[in-house]
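I opened this model to take notes on its helices, its loops and its pocket. The entries follow in the sequence in which I looked things up.

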Amino acid sequence: MIKRIINPIQMPFWWQDFLFTIPRIVCGYLLTSDFGAAKFGLPWSPEDNNLKFFEVAFWFPNDVSEYGGIFAMFPAFFAWMGAFSEGVGGIFLLLGLFTRPFAVLIFITMFVAAFFQQANQGVWNMLPAMGIMWLSLFYIILGSGRLGLDYLIAKKMSR
């Protein structure tokens, strides 16, 4: 079962896998260094945020509760999951490790960010989250490609 989840689809030529890897690395880097680090305690989070390791920024659950519905019922849980999927999911996406499961988390998080957090601020503000959301959809389907750790693990499991 794990092999089915992590085994990526390979492109016919290595250079296609290389081109397919570039957005994965850039997206993963931006998620973990920019989006996630501001909300979630990671070693590279800004020091002025005063976040402990895996701690969510104090303001984030309040923002999440404003989305209403189930988000208002469990704001701390959803804030932690959103920050985790950006901060830690970005690392895993960058490395191409467990790409599909983390791409699912990232897709859900970016869907919420685009359509619950940014929707009333106009399409222009929705674009970053929507771009990452649509990009993660490709990685849900295709996996990391040949240039990710998933490929190496799947190859080792087939021996």
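**Entry 1: helix H2**

Which residues of H2 are buried? I note first that the model is a predicted one. Then I listed the buried residues of H2: Asp17, Phe20, Thr21, Arg24, Cys27, Gly28, Leu31, Thr32, Gly36, Ala37 and Lys39. Leu31 came up again when I checked the helix for bends, since H2 bends by about 35° at Leu31.

I then looked up the span of H2. The helix has 26 residues, so at 1.5 Å a residue I should find 38 Å; the end C-alpha atoms are 36 Å apart, which agrees.

**Entry 2: helix H5**

Where is the kink in H5 centred? I find it centred on Gly89, with an angle of about 35°. Gly89 is also among the buried residues of H5. The others I wrote down are Pro75, Ala79, Gly82, Ala83, Phe84, Ser85, Glu86, Gly87, Val88, Gly90 and Leu93.

For the span, I have 21 residues in H5 and 29 Å from the first C-alpha to the last. That is close to the 30 Å expected at 1.5 Å a residue.

**Entry 3: the largest pocket**

I turned to the largest pocket, which has a volume of about 460 Å³. How many residues line the largest pocket? I count 27 in the lining, and Gly82, Glu86, Thr109, Val112 and Ala113 lie nearest the centre. Two of these names were already in my notes: Gly82 and Glu86 are buried residues of H5.

Next I asked which helices supply at least two residues each to the lining of this pocket. My list has H2 (14-39), H3 (60-65), H4 (70-73), H5 (75-95), H6 (99-117) and H7 (123-142). By class, the lining divides into 18 nonpolar residues, six polar and three charged.

**Entry 4: the UniProt record**

I looked up the UniProt entry, which is unreviewed. It places the feature "transmembrane region" at residues 12-31, 70-95, 102-119 and 131-153. I checked two of these spans against the model.

- For residues 12-31, I find 90% helix and 0% strand, with the end C-alpha atoms 29 Å apart.
- For residues 131-153, I find 74% helix and 0% strand, with the end C-alpha atoms 28 Å apart.

**Entry 5: two phenylalanines in loops**

Which loop holds Phe54? I place Phe54 in the loop between H2 and H3. Phe54 is not a glycine, yet I read a positive phi of about 65° there. Its relative accessible area is 32%, so I enter Phe54 as partly exposed.

Phe98 is in the loop between H5 and H6. Here too the phi is positive, about 50°, although Phe98 is not a glycine. I enter Phe98 as partly exposed because its relative accessible area is 34%.

**Entry 6: three single residues**

I ended with three residues, asking of each where it sits and how accessible it is.

Ile6 is in helix H1 (residues 2-6). Is Ile6 buried or exposed? Its relative accessibility is 2%, and buried means under 20%, so I count Ile6 as buried. I also took the distance from Ile6 to Ser85: they are 79 residues apart in sequence and 18 Å apart in space, C-alpha to C-alpha. Ser85 is one of the buried residues of H5.

Ile132 is in helix H7. I enter Ile132 as buried because its relative accessible area is 10%. The C-alpha atoms of Ile132 and Ala114 are separated by 9.9 Å, and the two residues are 18 residues apart along the chain.

Gly148 is in the loop between H7 and helix H8 (149-157). With a relative accessible area of 7%, Gly148 is buried. From Gly148 to Phe102 I have 46 residues in sequence and 14 Å in space, C-alpha to C-alpha.

Definitions and conventions. Residues numbered from 1 in each chain as written. Predicted model: local features only at pLDDT ≥ 70, side-chain atom pairs only at ≥ 80, totals over all residues. Heavy atoms only, no water. 1 Å grid on protein atoms, 1.4 Å probe; cavity = no way out; pocket = protein on both sides within 12 Å on 5 of 7 lines; lining within 4 Å. Points joined across faces, edges and corners; volume = space filled by probe spheres on them. Helix = DSSP H or I, 4+ residues; strand = E, 2+ residues; numbered from the N terminus. Nonpolar A, V, L, I, M, F, W, Y, C, P; charged D, E, K, R; others polar. UniProt positions renumbered as here; feature names shortened; annotations may be inferred. Expected span 1.5 Å × (residues − 1). Bend = angle between axes of the 7 residues up to and from the residue. Buried < 20%, exposed > 50% of the residue type's maximum accessible area, 1.4 Å probe, protein only.
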